Amino acid sequence: LDGGAVWFGDGAAAAAPTLACGCAGRHANKENESKYDIFDLSDARRVVKEQVMAMVAERADNIEEVVVVDALGRVAAVDVVAVAPGIPAYRASIYDGYAVHYDFDTPSPPTTFTSTATITAGSSSSDGGGSSSSGSSSILALPGNPSSAFVMAALFAVPIILRLSGVKDDRRCELQKLRCTTTTPLQRDSVRVEFHRVKLYWDNEKNHHVAISTGVQRSSRALSLVGATALLEVPPGATVVAANTWLDAYLLP
């Protein structure tokens with residue numbers, strides 16, 4: 001339970017320890033709104049075990065066994081899709097571990113660039129409501145997680161701001177690109193281009209730059225930015241990028 005309160009009953013006062021699941025974990029003065037009854041801890045363990053074993057049996061064909069090292073960066077999860085609007089229907093749902101997944105045909109873009117403007121009644125966007133019209137505003141939407149927000153800002157926001165500031169030299173507005181090779185195999189997305197945070201070094205023996213990964217590249221892991229000197233452009237594909245592969249790297253300012 002995320003943020004719920006868990007209470008174990010007094011063993012001396014009851015035949016068996018009891019477990020209460022409520023919603024008072026984050027709001028001590030808020031009335032417990034959960035509709036679940038209090039039940040024995042032994043019964044709770046039994047129910048959880050039965051449900052887990054049932055899910056394992058149902059998905060037996062999709063279970064993959066890997067060693068711990070190969071599991072690094074993976075997520076043990078499945079999509080949870082709401083079967084109807086308003087489910088779960090009670091307010092305690094935000095604390096009771098429910099998740100809702102909106103199923104899109106294609107993945108959403110990591111960033112969006114658009115413009116807003118005031119359009120008078122009877123006119124269309126082509127009559128003066130475009131990005132160049134008076135009173136219009138340009139909007140660049142960045143992702144919510146820190147690492148992905150940093151990458152999108154470096155690739156898009158900073159060049160845009162420099163251009164708007166009057167800088168005309170492309171070399172100053174855009175991240176400088178160079179070729180380098182990878183030192184280790186890299187996981188990649190099957191659909192999207194990814195920008196892997198790396199440290200660039202000059203290899204005297206190879207006589208060119210090499211890229212060393214900063215570790216796990218989750219968008220929520222800000223630690224992957226520590227020490228990064230470049231963004232390695234990793235193209236999409238179904239296989240792992242092998243070590244010693246030539247790729248483009250964008251130097252961070």
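Select Ser 147 to begin the tour; this residue is found in helix H2. The model on the screen is a predicted one. Is Ser 147 buried or exposed? It is buried, because its relative accessible area is 0%, and a residue counts as buried under 20%. Now display the surroundings of Ser 147. Leaving out residues up to four places away in sequence, Ser 147 touches Arg 197, Arg 218, Ser 219, Arg 221, Ala 222, Ser 224 and Leu 225.

**Along helix H2**

Extend the selection to the whole of helix H2, residues 146–164. Which residues of this helix are buried? They are Ser 147, Ser 148, Ala 149, Val 151, Met 152, Ala 153, Ala 154, Leu 155, Ala 157 and Pro 159. Colour these residues, then look at what lies against them: the buried residues of H2 pack against strand S5 (137–141), helix H3 (170–173), S7 and S9.

Next, centre the view on Ala 153. Here H2 has a kink of about 50 degrees. Then move past the end of the helix to Gly 166, which comes just after H2 and takes a positive phi of about 100 degrees.

**The barrel**

Now select strands S6, S8, S7, S9 and S10. In the order S6-S8-S7-S9-S10, these five strands make a closed barrel with mixed pairing. From one strand to the next, the twist averages 50 degrees. Bring helix H2 back into view: it packs on the sheet and touches S7 and S9. The direction of H2 makes about 70 degrees with that of S7.

Keep only S7 (residues 194–203) and S9 (residues 230–234) on display. In which sense do these two strands pair, and over how many bridges? The pairing is antiparallel and extends over five bridges. To inspect one position, select His 196, whose bridge partner in S9 is Leu 232.

**An aromatic pair**

Select Phe 195 and Tyr 250 and show their side chains. A pair of aromatic rings is described by the distance of the centres and the angle of the planes. The rings of Phe 195 and Tyr 250 are 6.2 Å apart, centre to centre, with 65 degrees between the planes, and the pair is edge-to-face. Phe 195 belongs to strand S7 and Tyr 250 to strand S10 (residues 246–251), so the pair ties together parts that are 55 residues apart in sequence. Both Phe 195 and Tyr 250 are buried.

**A residue at the surface**

Move to Phe 113, in strand S4 (residues 112–116). Why is Phe 113 classed as exposed? Its relative accessible area is 53%, and a residue counts as exposed because that value is over 50%. Apart from its neighbours within four places in sequence, Phe 113 is in contact with Ser 138, Ile 139, Leu 140 and Ile 160. As a last step here, draw a line between the C-alpha atoms of Phe 113 and Ser 138: they are separated by 7.4 Å, although the two residues are 25 apart along the chain.

**The whole protein**

Finally, clear the selection and show the entire protein. It has three helices and 10 strands, which follow the pattern β-β-β-α-β-β-α-α-β-β-β-β-β along the sequence. Of its 253 residues, 24% count as buried. Among contacts between residues at least 6 apart in sequence, 56% join residues at least 24 apart. Switch on the surface to end the tour: the accessible surface comes to about 17800 Å², and 55% of it belongs to carbon and sulfur atoms.

Methods: Residues are numbered from 1 along each chain as its sequence is written. This is a predicted model: local features need pLDDT of at least 70, side-chain atom pairs count only at pLDDT 80 or more; totals for chains, interfaces and linings use all residues. Side-chain values use heavy atoms; hydrogens and water are left out. Two strands pair if DSSP finds at least two bridges between them. Helices (H or I, at least four residues) and strands (E, at least two) are DSSP runs, numbered from the N terminus. Axes are lines fitted to C-alpha atoms, for helices over the stretch in contact, and angles run from 0 to 180 degrees between N-to-C directions. Contact means heavy atoms within 4.5 Å. Buried means under 20% relative accessible area, exposed over 50%, partly exposed in between (1.4 Å probe, protein chains only). The bend at a residue is the angle between axes fitted to the seven residues ending there and the seven starting there. Rings of Phe, Tyr and Trp (its six-membered ring) pair if their centres lie within 6.5 Å; planes under 30 degrees apart count as stacked, over 60 as edge-to-face and the rest as tilted. Accessible areas come from the Shrake-Rupley method with a 1.4 Å probe; for residues, only the protein chains shown count as cover.
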